[in-house]
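Trainee: Before we look, I would like to ask how some of the labels in this kind of description are justified.
Mentor: Then let us take them one at a time, with the structure in view.

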Amino acid sequence: MLGFDNLATDHREIIPGTNLYGYYDAANREYVITRPDTPTPWVNYLGQGDYGGIISNTGGGFSFHRDPRNRRVSRYRYNALPPDQPGRYIYLRREDSGEYWGVTWQPVRAPLDAYQCRHGAGYTKILTERAGIQAAALYFVPPSAADSSCPVELWALQLKNTSATPLVLRAFSYVELSFVDAYNDLSNLDWAMHVMSSQYDPERRAILARTKFSPTTQFFACSEAPAGFDCDRERFVGAYRGLENPVVVELGRSGGTEAPRGNNIGSFHHEFTLEPGVEATMVYILGITDDATAIGGVVERFSDLAEVQRSFAALRSHWDKYLQTFQVQLPDDDASAMANFWGPVQCRTTLYWSRFVSSYETGLGRGVGTRDTAQDTLGVVHAVPDEVAAKLSRLWALQFSDGHTWHQFFPLTGEGGPGLASERPSWPQWFCDDHLWLVIATCAYLKETGDYGYLERQIPYADDGLPEGRTPAGRGSAAGSADRSSDGAKATKPKGPLPRDGHGDPTIWGHIMAAIDFTLSHRGPHSLPRAGFADWDDTLNVDHGSGLAESVWCAMQFCRAALDLAELASFLGRTGDAASFREMHGRMAQAVNDHAWDGHWYVRCFDDAGKAIGGASEDRHRINLIPQSWSVIGEVTPRPRGEAAMASAHELLGTAYGPILMWPPYDGGDPRVNGTSTYPPGAKENGGIFCHAAAWSVIAAAHLGDGDRAYGYLRQLLPLSRPDVQRSSVEPYVYCQNICGPSHPQYGLGRNSWLTGAASWMQVAITQWILGIRPTHTGLRIRPALPSAWPGYSARRWFRGTEYRVTVTRGGPGGAISLLVDGKRVPGDVVPLAAPGTATVAVDVVVGGE
Ligand code: GLC
């Protein structure tokens, strides 16, 4: 089951200068890590958004249920030494010699004869060999149990004696159980450690960790009756020892300890006598429930190996089903692997956990971001439209009737909050972009699904749940809801079959209108959107109470939202509304072009005193990437200006690892911008390569029809193509949020992998812009921006219940498109919607050459 064959046959030639730590195995859809001492722990995610966890290539990590702050299952010590501990550990000990080691290398870190970690979609398999024993540990969450009342994860262990003599082996498992409220577990030690206790229940073969006052029980069980157990960490480890040499493992005998209080662990001791060539298998089961009567049944169920195998097969087919909605064949293996596998896996994981729980976010702090989740839907909407509708509804419920939204929320409690803004109560407590992302994401959902009835769905505004006296406009918003602009435009009020109008209309359409109204009624002296606490760039904090600061980028984002709404209204036959949205777009674009063009590029924003930031006359922050890309994405500008803006960005911001966000970076605190300047030069938003924003450059270049430039940026950003894994140090199979820029001593170092908006935007950039397959209200548009080295590509994409089999070939120079749909010539570049029930449609596209 666990595939020892992989271990034996994995003799990949290592080519000097390439990744020495691993490679992507396309046939098995697994990233294979070939040595345990990776530059940072290279992690994977288990679970599907309900019960979940993080696991590193050496078994480090932890688990949680629905909310990693409030329903934590196991512990992890961030930033501790030794690194990446604790985790899901299994010690092995040979009885004859007394030598012991870790099946996943950690926590003993004893040398191994062979090691391999295979990270797949929702599972991790670690295979090792030492002292004549092959071991494989497979970790996953069975899909059927994930969202049940008693969710679990499984650790399936397989051992094989590869020596010529019979061996007696002892296995000791180890997981550190957290007090269920992880914040108290960390901060309120006397209380948390007094109230939690664990005992072994032989009937259920389970260690149960509980309190006297709550029904919540964490449990750790095993498929085979153990020879011993331990619940008390201190007794298992021994005084002044560490996880690398616990006294129980060293002596080879469990203590049989319960934990009346203190640090609770789940540890079992099993004994195996293995003849040469013989294998043994067992399963550990870790879970949490509020109904302890369910535990016995679940333990029995997953003690059956056949059921474990079925569950693993179900997990794989669950992911296959998700992945098959869009598969491509490109003349670039790394791009194909990201588009077909790691990109979609990362997008889905990011949608589940937003920026909440990763190797960098502890799951204790910041909750799920509104803007982040809205953007995360863009990468998965074709595959899981129902989940996206549910997420969007959840996000719309964070909106106040004046149109702004909470900046973030905790998934379990639903508690919303203004995020970072709360640290500066006298500054605006709203962000100027959150609500507009919801408009853009909702339009994308409608284009993908055609579910126009969604616009009629009713969602209460967040004011309804506000404590009395709380103003929805946000505390400390010095200028309140003042509109300092001159044109006084208001959002269009649709009439007819679509929803009612006016503030407080709880339909999705009403929410959309409130969002548009908020931006229009919160503008500054140049008629551009007021910046609020920040726009997309959380660290650009330019409004310190004046109400004068404006975001040029947000004006461009508004332009995109207005055009998306114009398209929607026009499709729905609401020509008046469509014209009105176009007019809004036109006026905003005019304001941008009148006030924000700096000669060769657009400025970034206006500060608290109304002075431009991001223009050529400045010493620091003379140019910023995102107003250049969004001038194109928001269709704000006449074409030559967009091209000039992007050319300036390319020239001044381009690096070997992708374009940096701005230049030159601040070198010390600058009160004008606050947050950005707290970073050293070259880090994150202060002149680093912010991959999320860099993805917009791929899109803008493709938008302008420059396939080579778009592909150039793509290659720089593809994790699998990173030239120096040692230097970048993060996982080479997922996008990271930021890479240090050239002004930083660690130029090229990647940080904050996995949960980043780069995932969904890169997926959009590849599939919708380079490959050019874009859903519209009337059909599937195919307008590729092919790199000149590509003769074409093929793709299979689900769209509204039909599979489109697309083949694109280059006919010659130029971007003209000719389309054959099921062999018939169709004018334009949109494949019309197939009749309901159509299984497949063949689309042959020739680019250029006509
Ligand atoms: C982080 C935040 C995201 C923000 C970005 C730029 O990724 O999660 O919300 O847009 O930084 O500041």
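Trainee: How do you know that strand E21 is joined to E22?
Mentor: In this predicted model, two bridges join E21, residues 408-409, to E22, and the two run antiparallel; because pairing requires at least two bridges between strands, the criterion is met. Within this pair, Gln408 has Gly417 of E22 as its bridge partner.

Trainee: What makes the sheet that holds E20, E21 and E22 an open one?
Mentor: The three strands follow the order E20-E21-E22 with antiparallel pairing. Strand E20 (368-369) and strand E22 (416-417) each have a single partner strand and stand at the edges, so one side of each is left without a neighbour in the sheet.

Trainee: How do you know that the end-to-end span of helix H15 agrees with its length in residues?
Mentor: Helix H15 (residues 575-595) has 21 residues, which at 1.5 Å a residue should span 30 Å, and because its end C-alpha atoms are 30 Å apart, the two values agree.

Trainee: Which residues of H15 are called buried, and against what do they pack?
Mentor: Among them are Phe581, Met584, Met588 and Val592, the label requiring under 20% relative accessible area. The buried residues of H15 pack against helix H13 (508-521), helix H14 (552-571) and helix H17 (639-653).

Trainee: What makes Trp396 stand out in the largest nonpolar core?
Mentor: That core has 253 residues, and Trp396 is one of those with the most contacts inside it, together with Tyr284, Trp342 and Trp696. H14 gives the most to this core, with 13 residues.

Technical notes. Residues are numbered from 1 along each chain as its sequence is written. This is a predicted model: local features need pLDDT of at least 70, side-chain atom pairs count only at pLDDT 80 or more; totals for chains, interfaces and linings use all residues. Side-chain values use heavy atoms; hydrogens and water are left out. Helices (H or I, at least four residues) and strands (E, at least two) are DSSP runs, numbered from the N terminus. The expected span of a helix is 1.5 Å times one less than its number of residues. Buried means under 20% relative accessible area, exposed over 50%, partly exposed in between (1.4 Å probe, protein chains only). Contact means heavy atoms within 4.5 Å. A nonpolar core is a set of buried Ala, Val, Leu, Ile, Met, Phe, Trp, Tyr and Cys residues joined through side-chain atoms within 4.5 Å.
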